[in-house]
Structures are given as C-alpha cells and as structure tokens.
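Trainee: I would like a close look at one part of this structure. Please pick a pairing between side chains and work outward from there.

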Amino acid sequence: MTSDRRGIAPRKQPRQVRAELTRQRILDAAAHVFGEYGYAAGTTNRIAEQARVSIGSLYQYYPNKDAILAELVTRHLDSGRAAVVRHQGRDLPDSLEEVLRLYVRAAVDNHLDAPQLLRVMAEQGPRSPELLAKVADYEAERLAHTQDLLERHPQARVADAEMAARLVVLTIELVVHKVSAEPEPVDLGRFEEELVAMLHRYLTGPPGGPQGPGTP
C-alpha cells in the first residue's frame, strides 16, 4: 500500500448513540462494498448507497474512502489485539500444542468475516504513518508475548526464542491471511490441525532444527 497526503483521519468521533450507529453503518457498508468491488471501484457513492445515507452525511464522518479503509484496518487490528489480550489474561493450557491451537484459532476467527476485504486492506489503498505505526506496535506486542511463552514453556526446545517467536507469529498471520482470502473454501478444521502440527514439530524438535537422514 502506498502513502497518501490526503487526510485519512475521521472528521469527527460520534458522541451520541445515533451518530455512532450511523458511523457503524458506514463502516459495515464499506466493508461490503470493498469486499465486492475492490478498492478502486469501491466509491464513496456506493458506500453511501449501501449504508442508506446521503453522500453528505458520509462526508460528515469521513473525508474520503481512504479514511474509511484506514478505520476498517484499525478495527481489524483492534479485534486481533483483543484476542491476544484475552489469551494473556487467562490460564493457558499446559500443552504447548493447545496453546498454539488457541493462537491459530484466534487468527482464523479474526479472518472469517470478510476474507476479500482483508485482501483489499492488505494490498490496496494508502496507509498513513500513524496506521503503519499501529501495525508495527501490534506485531511487536504479539512477538513479545510469544517470545516470553517460548522462553518459559518447558516443552519448547528452540535455540533462539526471539527468532522462533517471529517465525511463529508471522507464519500464523501470513498463512491464515492467504488461506482465508482464497476463492475456494478451505476445510478450516483440517487447516488448523495441519498448521498447529507444523508449528508444534518446529518448536518441540531438537534445537537447531530437524536432523536429516543419516545424521548422528
């Protein structure tokens, strides 16, 4: 995604329930329009029509579709962060495999609603420096949490917990995103099992990686 000098911050934050409901209708409509038409053809006129508001009302909340897309990205990140916080605030399973299952399932759940919209958010439209910073902060939080887990968990056998955490976090995010955006449906139960098994073998195998045939 490229940067854009036009403002992408919302024009105003609703203070009344009715205004908040209107804003949510605009965001929900935009998610539908971007998912169906893509970013280039997802015009503010189409979004306003889908939301059943006037174009003037839409512009009271957002100066352009860039700002709407930025808000959708923020909402997606906040949903993912909330899932991470829930995991941090609960007693995790003793089994590392079950912990990984929680991570994978949370990522899958956060990608279920609108896979085509996620492709638009990841590949199209501008991102402001503020939004890029938020993405980086979110990733740093997940990396730190996963590294701490791997350093403490007795079943983890990795020589470099920091690098292993990076591989786990990025693999889950990128693979789940890719599979969720595929045009053909995927058996999510089987996908979850295979991804968890792959990560579990990596984290619990001999430090330094698997040994090849004939290795003493």
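**A salt bridge and its surroundings**

Mentor: The side chains of Arg-142 and Glu-173 form a salt bridge, with 3.4 Å from N to O. Arg-142 belongs to helix α7 and Glu-173 to helix α8 (residues 161-180), so the pair ties together parts that are 31 residues apart in sequence. Keep in mind that this is a predicted model.

The general idea behind such a pair is plain: side chains of opposite charge can pair when their charged atoms come close.

Now take the two partners in turn. Arg-142 has a relative accessibility of 13%, so Arg-142 counts as buried, the cut-off being under 20%. Glu-173 has 22% and therefore counts as partly exposed.

Helix α7 buries other residues as well as Arg-142; among them are Leu-131, Tyr-138, Leu-143, His-145 and Leu-150. The length of α7 can be checked by arithmetic. At 1.5 Å a residue, its 24 residues should span 34 Å, and the C-alpha atoms at its ends are 35 Å apart, which agrees.

The structure holds 10 salt bridges. Another of them joins the side chains of Asp-28 and Arg-75, at 3.4 Å from N to O. This pair also links distant parts of the chain, with Asp-28 in helix α1 and Arg-75 in helix α4, 47 residues apart. Asp-28 has a relative accessible area of 45% and is partly exposed. Arg-75, at 31%, counts as partly exposed too.

A further salt bridge is made by the side chains of Arg-101 and Glu-192, at 3.7 Å from N to O. Here the partners are 91 residues apart, Arg-101 in helix α5 (residues 96-111) and Glu-192 in helix α9. Arg-101 has 12% relative accessibility and counts as buried. Glu-192 is buried as well, with a relative accessible area of 9%. These two residues belong to a network of salt bridges that also includes Glu-97, Glu-98, Arg-105 and Glu-193.

Next, the nonpolar side chains. The largest nonpolar core has 29 residues, and Ile-26, Phe-34, Ile-47, Tyr-62, Ile-68, Leu-72 and Met-121 have the most contacts inside it. Helix α7 is one of the helices that supply at least two residues of this core, along with α1, α2, α3, α4 and α6. The most comes from α1, which gives nine residues. Within this core, Ile-26 touches residues including Ile-47, Val-53, Leu-58, Tyr-62 and Ile-68, leaving aside those up to four places away in sequence. A second, separate core has 22 residues, among them Leu-96, Val-99, Val-179 and Leu-203.

Helix α4, where Arg-75 sits, also contains Leu-69. At 1% relative accessibility, Leu-69 counts as buried. The C-alpha atoms of Leu-69 and Leu-117 are separated by 9.6 Å, although the two residues are 48 apart along the chain.

On the surface, Leu-112, Val-186 and Leu-188 make a nonpolar patch of about 220 Å². Leu-188 is found in helix α9 (residues 188-204), and with 32% relative accessibility Leu-188 counts as partly exposed.

Last, the chain as a whole. The secondary structure comes to nine helices and zero strands. Of the 216 residues, 41% count as buried. Among contacts between residues at least 6 apart in sequence, 76% join residues at least 24 apart. The accessible surface comes to about 12400 Å², and 51% of it belongs to carbon and sulfur atoms.

Technical notes. Residues are numbered from 1 along each chain as its sequence is written. This is a predicted model: local features need pLDDT of at least 70, side-chain atom pairs count only at pLDDT 80 or more; totals for chains, interfaces and linings use all residues. Side-chain values use heavy atoms; hydrogens and water are left out. Patches are made of residues with over 30% relative accessible area and no salt bridge: like charges are joined within 9 Å, nonpolar side chains (Val, Leu, Ile, Met, Phe, Trp, Tyr) within 5 Å. Accessible areas come from the Shrake-Rupley method with a 1.4 Å probe; for residues, only the protein chains shown count as cover. A salt bridge is a side-chain nitrogen of Lys or Arg within 4 Å of a carboxyl oxygen of Asp or Glu. Helices (H or I, at least four residues) and strands (E, at least two) are DSSP runs, numbered from the N terminus. Buried means under 20% relative accessible area, exposed over 50%, partly exposed in between (1.4 Å probe, protein chains only). A nonpolar core is a set of buried Ala, Val, Leu, Ile, Met, Phe, Trp, Tyr and Cys residues joined through side-chain atoms within 4.5 Å. Contact means heavy atoms within 4.5 Å. The expected span of a helix is 1.5 Å times one less than its number of residues.
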